[in-house]
Amino acid sequence: MPRRGAAGALRCPSLRPRALAYTQRASSYPCSPILHPPATMKSLHQRLTLYSDGNETYTFVPAEPVGARSLTIYRNSGDIVLNAPNTPVPVTAERSAKTIYGIYGMISLAMSEYIIVITGRELRGHIMRQNIYRATEYDILPLNPDVSVQHPPNTVESHLLALVQSHLKGGNFFFSYAWDITRRLQAQWATIQQDGDRSLWEIADDRFFWNKFLHSRFIDITSTNPDQNLSAYILPIIYGTFDIRPVSVGIHQLRFCLVSRRSRYRAGTRYFRRGVDPEGHVANFNETEQILLVGGDDSGTQLSFVQIRGSIPVFWAEINTLRYKPDVQIMELQDTIDAMRAHLQENVNLYGAQAIVNLVNHKGHEKPVKEAFEKYFEQAKTPKTRYEYFDFHNECKNMRWDRISVLISKLEDELNEYGYFHLDSNKSEPVKLQTGVVRTNCMDNLDRTNVAQAAIAKWTLNRQLKALGIIQPNDSVDNYDDLIRDFREMWADHANFISLAYSGTGALKTDFTRTGKRTRKGLLEDGYNSVIRYLKNNFFDGARQDAFDLMTGAWFPRRGWNPATLVVDRRPLIMRAPPYILFFSLFMICAGLTLPRTSDYSLFYYFLLWISLAAVALVFIFVHGIDYVNWPRLQPLTDIIYYEGPGFRSGRKGMGLGLPALEKLKEGAVEQARTIAEQHRRVKSKRLEEIEMGTKRVD
């Protein structure tokens, strides 16, 4: 039976194991020496014109080829119909002034289903003779004629629409109409013969096809009705980074490219998505591919080197309490070993052997997570997997970041063994295959991971250029100003974008990645970013997590769902009042500073009153910190926050003083959150089972 991910869409078995085909049948590669999209691959429509026929239909007409089959979506019924060639547009339909560059997908909210279309794009570069674009502007079209995006009918719909809009605005989305941006070069090469007559969405990597859930209706229609093949309208999009630049090394002209792809499974924000889920998906999983192109598209050389990162694959969390360091919680669940084994084995199936690089601290706040990882890793006994611990902060203390070379030395055998992917136009088969991957993690898989991955990538780039004879065996990329400058800038920008997606701010320690050394200015910037991270992670990330859950299909409106849970604060009055008391007290203190001084005696008691009230309110807020964190509302984390099972928790901060009267008031809200989460799990599980059994359509 096909496996399913958090988004509820089918995970086609043919997409998963085939990526390892390069290790099993290298001799069966096609004779074409250079990788290009097959000429027979079904093309996507690059420009669409939108016609709106009042409250009846939306019709999308391709700009080319002339006479192509247009697409009509009926607003009242929600039916999607691919029209016959040369079908005329209704005479009453109005033409939109905007050009549509692709359909992002369709999403159901509380009051209506919506079509998300791309109305702005930015050309970011060319690779394999194909353009790569970043989506910059979007329109959201309601199917329900009684719903307006500009003036939603109620606060719930307004809130859900705001989540969709914020996700689109804050994301970094890339696409191509003819090149599979979701898959690394080696995976594309391994299946190039089979992919010739298939559509782009059919060959896309299920993990990185970010908008697959939103295209589930299009995919379902295409899969079940051959005459209604909507493949030309299904545009795979990645959430990640893409940068390509021309560089020169001596007399050689190269193109250097960096691509990262973020997994749509267990997607979310820094503190609200940690660890692994029962299916083996980890939070903040990213695949990074460094591509080097030498010569022309048709007569050159292509090299690719891939690394991956992801959260530590055990059940763990950090519970926000308004303190700078959250409580670390390890949950020793019965299926922890199976979940870790599923994750590690999937990596082996996809990439070959793997070296696990763990960069967390060996003492203090991070120690329990390190110990849990090592404990379950030993029990999982995954083949072709080696564990390497590197105490980053201890090895690189006092700004000695050049000590990252110690890690490279430890990994040198694996890096030499795993190699990289190398195609040469003069040879009928690949010169080299990458037979393994380095998987790096720290606590967030951001800052330390970025430094380590950039160092590994630089070591590999040196090796590649020497193998090609572009630089001498005793030479280094550090001696070529243009190349090393672009390398550092691209890896620093890449680090920032991955960090923005997960933590809400740019990455820390990018001064080292950008300049090759740690600076005091970099330390100050890190301090600023750390403060912003604290504020966003505690007071704003709940809505951001809700947007991830909504757009990836981890949450969807269900029968019996009470929309009021999104917009109504159900905390007791005594919990809602302290922030207002604090802000009013601060206002009165500021006002007192401007009052005429009639008597120092009276002002003393005035300030004493308001400062005392502010202090009491502030202490109350921090003592009950968990109640003031901006938590996700679509999928409440109540079971994690109040987990009482076996495992470890560094503290029970932010849970209040345990006063019986106050705890009784809070108990109802906590129980209601648990009920909401459990209802969603049951409904979702039933829905997925129906889809797997073929009794329910994926929509």
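**Exercise 1.** In this predicted model, find how many bridges join β4 to strand β5 and which way the two strands run.

*Solution.* Start at β5, which covers residues 71-74. Four bridges join β5 to β4, and the two strands run antiparallel. For one pair to look up, take Thr57: its bridge partner in β5 is Tyr74.

**Exercise 2.** Now turn to β3: how many bridges join strand β3 to strand β4, and what lies between them in the hairpin?

*Solution.* Strand β3 spans residues 48-53 and β4 spans residues 57-62; six bridges join them, again in antiparallel fashion. Check two pairs yourself: Leu48 stands opposite Pro62, and Ser52 has Tyr58 as its bridge partner. Next, follow the chain through the turn, where three residues separate the strands of the hairpin. Gly54 in this turn has a positive phi of about 55 degrees.

**Exercise 3.** Put the strands in order across the sheet, and work out which ones stand at the edges.

*Solution.* The order is β6-β5-β4-β3-β7, an open sheet of five strands with antiparallel pairing. β6 (80-82) and β7 (94-100) each have a single partner strand, so one side of each is left without a neighbour in the sheet. On average, neighbouring strands are turned by 20 degrees against each other, direction ignored.

**Exercise 4.** Is Thr336 buried or exposed?

*Solution.* First find Thr336 in helix α6, residues 336-351. Its relative accessible area is 1%. Buried means under 20%, so Thr336 is buried. Then look around Thr336: leaving aside neighbours within four places in sequence, its contacts are Val314, Phe315, Met331 and Tyr376. Finally, a polar atom of the Thr336 side chain lies 2.9 Å from the backbone oxygen of Leu333.

Note on methods. Residues numbered from 1 in each chain as written. Predicted model: local features only at pLDDT ≥ 70, side-chain atom pairs only at ≥ 80, totals over all residues. Heavy atoms only, no water. Pairing = 2+ DSSP bridges. Axes fitted to C-alpha atoms, helices over the stretch in contact; angles between N-to-C directions. Buried < 20%, exposed > 50% of the residue type's maximum accessible area, 1.4 Å probe, protein only. Polar contact = N/O pair within 3.5 Å; in protein donor to acceptor, adjacent residues only side chain to side chain. Contact = heavy atoms within 4.5 Å.
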